[in-house]
Amino acid sequence: MFYDILDFPWEKQYKKWRPGLLKDVYGEVIEVGVGTGRNLRYYPSNTKVTGIDLSKDMLKISAKRGGFAECDFYPVHEDATSMESIPSNYFDWLISTFLCCVMPDHLQPLAIDQFERVLKPGAHFRLLEMVYSKNTMLRRRQQLFAPLIQWAYGARFDRNTLEYLEKSSILKITNTYFLKEDIYLVIEGDCEK
Ligand SMILES: C[S@@+](CC[C@H](N)C(=O)[O-])C[C@H]1O[C@@H](n2cnc3c(N)ncnc32)[C@H](O)[C@@H]1O
């Protein structure tokens with residue numbers, strides 16, 4: 001619950017974006033880094049959502065939120081970089097919001113390998129991440145707050161998630177766009193294997 005309190009000022013904004021990120025999702029879904037389950041209430045009723053996270057405490061809260069959601073929700077204590085208990089070629093969708101910005105760069109290729117493995121051929125993925133703005137003023141403001149954001153959430157603006165995804169021969173990016181300024185980046189694509 002401490003995390004939810006810490007996250008409250010940002011969540012006021014994020015909750016406006018979450019429905020749009022999830023409205024077209026269907027079938028078997030894996031949400032990687034599900035956290036406290038902030039997305040769960042926005043999944044359509046025809047979805048079965050497996051939510052994985054490293055933190056057992058976060059998962060406990062997500063399980064409570066899942067109880068009120070229209071989707072079927074299965075919380076699993078699992079590492080995105082190994083996903084040992086997660087079957088291959090199983091999911092129609094992979095969703096991840098603010099996972100890679102907390103994940104060190106050297107772990108990102110490992111997580112992307114797992115994304116490739118668990119998605120079905122023809123499946124889809126959508127990620128929401130924070131990145132540094134190219135606007136000098138905005139970037140300076142981000143740089144000012146970066147130590148606080150890293151301390152409080154473990155999140156950084158300088159992860160190279162898009163570059164790692166672009167190297168995948170299986171995950172094909174079909175669209176990228178920003179939800180606010182050039183900071184909140186959505187990366188969408190398909191699994192071609
Ligand atoms: C910033 S929170 C975002 C939570 C949620 N997706 C949201 O949008 O509110 C990042 C989450 O990723 C989880 N996480 C970080 N590294 C992970 C890993 N290697 N495997 C699984 N979860 C991880 C953290 O425990 C945390 O719950």
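What follows is a conversation between a trainee and a mentor about reading a predicted model.

Trainee: Let's start with the ligand. Which residues come nearest to the ligand?

Mentor: Keep in mind that this is a predicted model. The ligand has 19 residues around it, and R18, G33, D53, A80 and T97 come nearest.

Trainee: What polar atoms of R18, G33 and A80 lie by the ligand?

Mentor: Check whether the protein side is backbone or side chain. For R18, a polar side-chain atom sits 2.9 Å from a ligand oxygen. G33 brings a backbone N or O atom to 2.7 Å from a nitrogen atom of the ligand. A80 also places a backbone N or O atom by a ligand nitrogen, at 2.8 Å. As for cover, the ligand taken alone exposes 600 Å², and the protein buries 91% of that.

Trainee: How does the shell around the ligand divide by class?

Mentor: Nine of the shell residues are nonpolar, four are polar and six are charged.

Trainee: On to the second largest pocket. How much space lies in it, and which residues are nearest its centre?

Mentor: For a pocket, take the volume and then the lining. The second largest pocket holds about 320 Å³ of space. Its lining counts 19 residues, with V131, Y132, K134, E163 and L185 nearest the centre. Strand 5 (119-130), helix 5 and strand 7 (184-191) are the elements that give two or more residues to that lining. Helix 5 gives the most, with three residues. By class, the lining has 10 nonpolar, two polar and seven charged residues.

Trainee: Now a single residue. Is Q108 buried or exposed?

Mentor: Compare the relative accessible area with the cut-off: under 20% is buried. Q108 has 1% relative accessibility, so Q108 counts as buried. You'll find Q108 in helix 3, residues 108-118.

Trainee: And what does the side chain of Q108 reach?

Mentor: Look for partners in both backbone and side chains. The Q108 side chain reaches the backbone oxygen of M103 at 2.9 Å. There is also a polar contact of 2.7 Å between the side chains of Q108 and T161.

Trainee: What about K167: buried or exposed?

Mentor: Use the other cut-off here, since exposed means over 50%. K167 has a relative accessible area of 67%, so K167 is exposed. The place of K167 is the loop between helix 5 (161-166) and strand 6 (171-180).

Trainee: How far apart are K167 and A155 in sequence and in space?

Mentor: Read the two separations side by side. K167 and A155 are 12 residues apart in sequence, and their C-alpha atoms are 23 Å apart in space.

Technical notes:
Residues are numbered from 1 along each chain as its sequence is written. This is a predicted model: local features need pLDDT of at least 70, side-chain atom pairs count only at pLDDT 80 or more; totals for chains, interfaces and linings use all residues. Side-chain values use heavy atoms; hydrogens and water are left out. Helices (H or I, at least four residues) and strands (E, at least two) are DSSP runs, numbered from the N terminus. Buried means under 20% relative accessible area, exposed over 50%, partly exposed in between (1.4 Å probe, protein chains only). A residue is near a molecule or strand if one of its heavy atoms lies within 4 Å of it. A polar contact is a pair of N or O atoms within 3.5 Å; within protein, one must be able to donate a hydrogen and the other to accept it, and residues adjacent in sequence count only if both atoms are side-chain atoms. Accessible areas come from the Shrake-Rupley method with a 1.4 Å probe; for residues, only the protein chains shown count as cover. Ala, Val, Leu, Ile, Met, Phe, Trp, Tyr, Cys and Pro count as nonpolar, Asp, Glu, Lys and Arg as charged, and the others, Gly among them, as polar. On a 1 Å grid over the protein atoms alone, a cavity is a set of points where a 1.4 Å probe fits but cannot get out, and a pocket is an open set with protein on both sides within 12 Å along at least five of seven lines; lining residues have an atom within 4 Å of a point. Grid points are joined across faces, edges and corners, and a volume is the space filled by probe spheres set on the points.
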